[in-house]
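Grab a coffee and open your viewer: here is a handful of exercises to work through. Try each one yourself before reading the solution.

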Amino acid sequence: MAVVESFSSLECFIRSAEVGSFAEAARRLSLTPAAVGKNVAQLEARLGVRLFLRSTRKLTLTEAGQRFLAEVSESFRTIQYAVANLANCEGHPSGVLRVSMGTVFGRLYVLPLLGEFLARFPAVTADWHFDNRQVDLIGQGFDAAIGGGFELPPGVVARKLTPAHRVLVASPGYLQQHGPLSRPEQLQACAGILIRSPQTGRVRSWPLTSRWQEQQPLQLPQRLTMSDSDAACAVAEQGLGIALVSLPFALPYLNEGRLSRVLPDWYVDDGHISLYYAERKLLPGKTRAFIDFVVEQFAERGLAGRFDALRGH
């Protein structure tokens with residue numbers, strides 16, 4: 001079997017095993033399901049063993065297939081990364097770059113970087129996905145993800161970009177109607193616009209932290225619940241209450257005067273917004289180029305400072 005044919009057949013087998021479907025493997029490899037099935041069949045013929053049990057509903061690895069997958073998958077990925085880095089060694093990262101990021105955060109702060117990134121690395125094709133839920137970085141075939149508050153699964157590392165602070169905001173009209181607020185206890189008399197976690201479906205109980213590192217429970221009665229911070233900002237702009245939102249989402253509203261900070265000396269510390277990628281000694285050139293570029297751009301644009309609740313906007 002030719003080297004290129006062997007490589008293609010192995011890739012089709014590994015992807016099909018990972019996702020349990022020729023059709024889904026074909027979509028991720030930009031092939032037809034028939035081509036994927038043919039490649040796997042050729043591999044089985046060369047090996048002289050059946051790797052999959054096929055049915056109309058699902059694709060299941062045989063015992064031999066499970067053993068073969070365990071033996072070849074890691075070595076195959078190492079070869080993939082080595083091949084990808086050949087181009088990088090010449091200064092030309094290339095290939096399809098699959099990145100997942102939050103919908104609004106990505107649109108506001110990552111998408112504006114795309115033009116310069118592609119100008120620097122014209123051989124890279126961007127395949128960017130916008131989703132507020134945590135993705136299975138390795139299982140779903142993403143090169144990187146950007147977000148905050150994600151659980152760190154085995155084999156994935158995080159590189160911190162900015163603080164993930166949440167702040168209290170309300171419309172100027174709402175604050176004028178309810179008078180100035182100077183202490184967290186006064187929130188008990190206000191209408192709260194809170195965020196439901198897309199991962200758990202629950203509204204978290206947040207502690208407030210002051211610039212003096214004093215902590216107080218957030219006693220903001222739940223009047224409205226939204227599924228994301230941008231929606232909560234839009235509701236707060238209508239004068240319907242005080243919203244606890246991620247600062248990056250609130251910045252456009254604050255900068256334009258549509259919302260104002262409530263208790264500006266207080267915030268919720270929700271960790272960091274980070275870049276997530278596979279923990280490997282040899283990253284593909286396209287992935288390394290993207291990580292370095294995003295870190296550079298976030299630093300040059302001062303986003304870490306802008307997203308810090310105590311440094312102002």
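The exercises below go from the whole chain down to single residues, and the model is a predicted one.

**Exercise 1. Get the overall picture.**
Work out how many helices and strands the protein chain has, and what share of its residues is buried.

Solution.
- Start by counting secondary structure: the chain has 11 helices and 13 strands.
- Next, look at the extent. The C-alpha trace spans about 80 × 45 × 30 Å along its principal axes.
- Now the burial: of the 313 residues, 44% are buried.
- Then the surface. The accessible area comes to about 15,900 Å², and carbon and sulfur atoms account for 51% of that.
- Finally, check the contacts. Taking those between residues at least 6 apart in sequence, 75% join residues at least 24 apart.

**Exercise 2. Map the surroundings of strand E13.**
Find which strands pair with E13, and in which sense, starting from E5, E6 and E8.

Solution.
- Take E13 itself to begin with: it covers residues 266-278, and 10 of its 13 residues are buried.
- Go to E5 (residues 144-148). This strand runs antiparallel to E13, with 4 bridges between them. To see the register, pick Ala145, which stands opposite Tyr276 in E13.
- Move on to E6 (residues 156-170), which is joined to E13 by 9 bridges, again antiparallel. Here His165 has Asp269 as its bridge partner in E13.
- Finish with E8 (residues 207-210), where 2 bridges make an antiparallel pairing with E13. Ser210 is bridged to Trp266 of E13.
- If you inspect side chains along the way, remember that in a regular strand they alternate between the two faces of the sheet.

**Exercise 3. Follow the aromatic rings.**
Find how many aromatic pairs the whole structure has, then take a look at two of them.

Solution.
- The search over the whole structure turns up 11 aromatic pairs.
- Phe13 and Phe52 are one of them: their ring centres are 5.5 Å apart and their planes meet at 55°, so the pair is tilted.
- Place the two rings in the chain. Phe13 is in helix H1 (residues 3-19) and Phe52 is in strand E1 (residues 52-54), so the pair ties together parts 39 residues apart in sequence. Both Phe13 and Phe52 are buried.
- Now do the same for Phe117 and Phe293. With ring centres 5.3 Å apart and planes at 55°, this pair is tilted.
- Phe117 belongs to helix H6 (residues 114-120) and Phe293 to helix H10, so here the parts tied together are 176 residues apart in sequence. Phe117 and Phe293 are both buried.
- Widen the view: Phe117, Phe121, Trp128, Phe290 and Phe293 make up one aromatic cluster.
- For a ring with a charge instead, go to Phe142. The charged end of Arg98 sits over the ring of Phe142, 4.4 Å from its centre.

**Exercise 4. Place a glutamine in H10.**
Decide whether Gln297 is buried or exposed, and which residues further off in sequence it contacts.

Solution.
- Gln297 is found in helix H10 (residues 285-300).
- The relative accessibility of Gln297 is 3%, so this residue counts as buried, the cut-off being under 20%.
- Leave out neighbours within four places in sequence, and Gln297 touches Leu113, Glu116 and Arg120.

**Exercise 5. Check the cysteines.**
Count the disulfides, then explain why Cys190 has no bonded partner.

Solution.
- The count is 0 disulfides.
- For Cys190, the closest cysteine sulfur is that of Cys233, 17 Å away, which is too far for a bond.
- Cys190 is buried, at 7% relative accessibility.
- Cys12 also counts as buried, because its relative accessibility is 1%.

**Exercise 6. Compare two positive phi angles.**
Say where Gln213 and Leu263 sit, and whether each is buried or exposed.

Solution.
- Gln213 is not a glycine, yet has a positive phi of about 65°. Gln213 sits in the loop between E8 and strand E9 (215-217), and at 54% relative accessibility counts as exposed.
- Leu263, another non-glycine, has a positive phi of about 50°. Its loop lies between strand E12 (260-262) and E13, and Leu263 is buried, with a relative accessible area of 3%.

Methods: Residues numbered from 1 in each chain as written. Predicted model: local features only at pLDDT ≥ 70, side-chain atom pairs only at ≥ 80, totals over all residues. Heavy atoms only, no water. Buried < 20%, exposed > 50% of the residue type's maximum accessible area, 1.4 Å probe, protein only. Contact = heavy atoms within 4.5 Å. Pairing = 2+ DSSP bridges. Disulfide = S-S within 2.5 Å. Phe/Tyr/Trp six-rings, centres within 6.5 Å; stacked < 30°, edge-to-face > 60°. Lys NZ or Arg CZ within 6 Å of the ring centre and 35° of its normal. Areas by Shrake-Rupley, 256 points an atom, 1.4 Å probe, with all protein chains shown as cover.
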